[in-house]
Amino acid sequence: MEKWYVIQTRVNDEEKLVELINKMVPKEEGLYQECFVPRYENVWRLKGFNLILVECMFRGYVFVITEHPEELFIRLKSVPKLSKILGEVSDDGGREFIPLSDEEQTFMENILDPSDYVVHRSLVHRNAQGRIDMAKGPLVNYVDKIVKVDNSHRRIFVELELFGKVRRIKFCFMTDDDCRIENKELPEWEKPEFCYQPGDIIKIDSEAYLDQEFEIKKIDEKKRTVTVEVDMFGNAIEMIVDADHIIKIE
């Protein structure tokens with residue numbers, strides 16, 4: 001089974017290490033499928049336009065995909081120029097040829113384009129409140145992990161555990177306006193599934209009601225609305241709420 005491994009190296013020496021491994025242990029020998037440095041598209045905004053720079057995603061890490069980790073490790077250790085980098089124990093006591101967990105490997109496979117191992121920009125959709133609720137591209141499975149959005153520089157940060165600690169991972173994104181400016185095809189967005197039923201307990205995405213919980217009394221799936229009761233001067237008044245304004249309580 002192909003597993004992903006990381007080799008720790010000096011910051012800014014990542015590409016040099018990849019070149020060295022490819023030279024000293026050619027891929028044609030069959031000990032690994034790929035050796036690469038994950039990169040991502042970083043956005044810099046200038047006068048309303050997006051400048052795209054492809055940069056190293058994880059400083060100090062080189063990735064290797066292999067079905068033969070033991071044989072590859074021994075082969076790399078036999079190369080004098082690599083033996084120090086691949087010492088079995090690093091200065092902090094950790095191994096320097098480290099397999100990714102299944103969850104980490106799935107994450108990397110989800111976000112990297114296999115043709116170039118770059119995390120390309122994601123297309124994002126905003127709901128009626130301006131919050132990002134859907135995405136296309138690398139971010140598609142991680143919208144619920146967003147902890148920060150930098151709209152002016154088209155950057156999103158998600159938080160998850162990776163390589164043994166909780167990290168903030170930066171994704172860059174595009175909006176519909178960016179697609180128009182860059183003459184890219186506008187995406188078609190499917191509305192989220194309407195999955196509400198009478199009796200469900202929800203919150204309403206409004207400052208006036210955000211601290212309250214409501215029970216759904218009626219639904220209108222065609223109009224994508226629900227009806228709840230709110231207290232108005234001691235009387236229960238029906239209020240219709242659009243699905244885009246609902247926060248469902250799990």
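## Aromatic pairs

Across the whole of this predicted model, a search turns up nine aromatic pairs. One of them brings together W4 and F36 in an edge-to-face arrangement, with 5.7 Å from centre to centre and 85° between the planes. Because W4 belongs to strand β1 and F36 to strand β2, this pair ties together parts that are 32 residues apart in sequence.

Where do W4 and F36 sit, buried or exposed? W4 is buried, and F36 is buried as well. The two also belong to one aromatic cluster, whose other members are F58, F63 and Y117.

## The four-stranded sheet

Strands β1 and β2 both take part in an open sheet of four strands, ordered β2-β5-β1-β6 and paired in antiparallel fashion. The edges are held by β2 (34-36) and β6 (97-99); each has a single partner strand, so one side of each is left without a neighbour in the sheet. From one strand to the next, the twist averages 25°.

Looking inside this sheet, β1 (residues 3-8) and β5 (residues 61-66) run antiparallel and are joined by six bridges. Here W4 turns up again: its bridge partner in β5 is I65.

## Nonpolar cores

How many residues make up the largest nonpolar core? It has 30, and W4, F58, F63, F107, M108, I111 and I169 are those with the most contacts inside it. Two or more residues each come from β1, β5, α4 (102-111), β9 (132-136), β11 (155-162) and β12 (165-174). The most generous of these elements is β11, which gives four residues.

F107 is worth a closer look: leaving aside residues up to four places away in sequence, F107 touches Y142, L160, L162, I169 and F171. Apart from the largest core lies another, of 20 residues, with L17, V18, C56 and L76 among them. As a general backdrop, nonpolar side chains in soluble globular proteins tend to be buried together.

## The three-stranded sheet

Another open sheet has three strands in the order β15-β16-β17, again with antiparallel pairing. Its edge strands are β15 (218-220) and β17 (235-242); each has a single partner strand, so one side of each is left without a neighbour in the sheet. Direction ignored, neighbouring strands of this sheet are turned by 35° against each other on average.

Strand β15 is joined to β16 (residues 225-232) by three bridges, and these strands run antiparallel. Within that pairing, K218 has T227 in β16 as its bridge partner.

## Charges over rings

Two tryptophans have a charged residue over the ring face. K136 lies over the face of W189, 5.1 Å from the ring centre. R155 lies over the face of W44, at 4.4 Å from the ring centre.

Terms used. Residues are numbered from 1 along each chain as its sequence is written. This is a predicted model: local features need pLDDT of at least 70, side-chain atom pairs count only at pLDDT 80 or more; totals for chains, interfaces and linings use all residues. Side-chain values use heavy atoms; hydrogens and water are left out. Two strands pair if DSSP finds at least two bridges between them. Axes are lines fitted to C-alpha atoms, for helices over the stretch in contact, and angles run from 0 to 180 degrees between N-to-C directions. A nonpolar core is a set of buried Ala, Val, Leu, Ile, Met, Phe, Trp, Tyr and Cys residues joined through side-chain atoms within 4.5 Å. Buried means under 20% relative accessible area, exposed over 50%, partly exposed in between (1.4 Å probe, protein chains only). Contact means heavy atoms within 4.5 Å. Rings of Phe, Tyr and Trp (its six-membered ring) pair if their centres lie within 6.5 Å; planes under 30 degrees apart count as stacked, over 60 as edge-to-face and the rest as tilted. A charge sits over a ring if NZ of Lys or CZ of Arg is within 6 Å of the ring centre and within 35 degrees of the ring normal.
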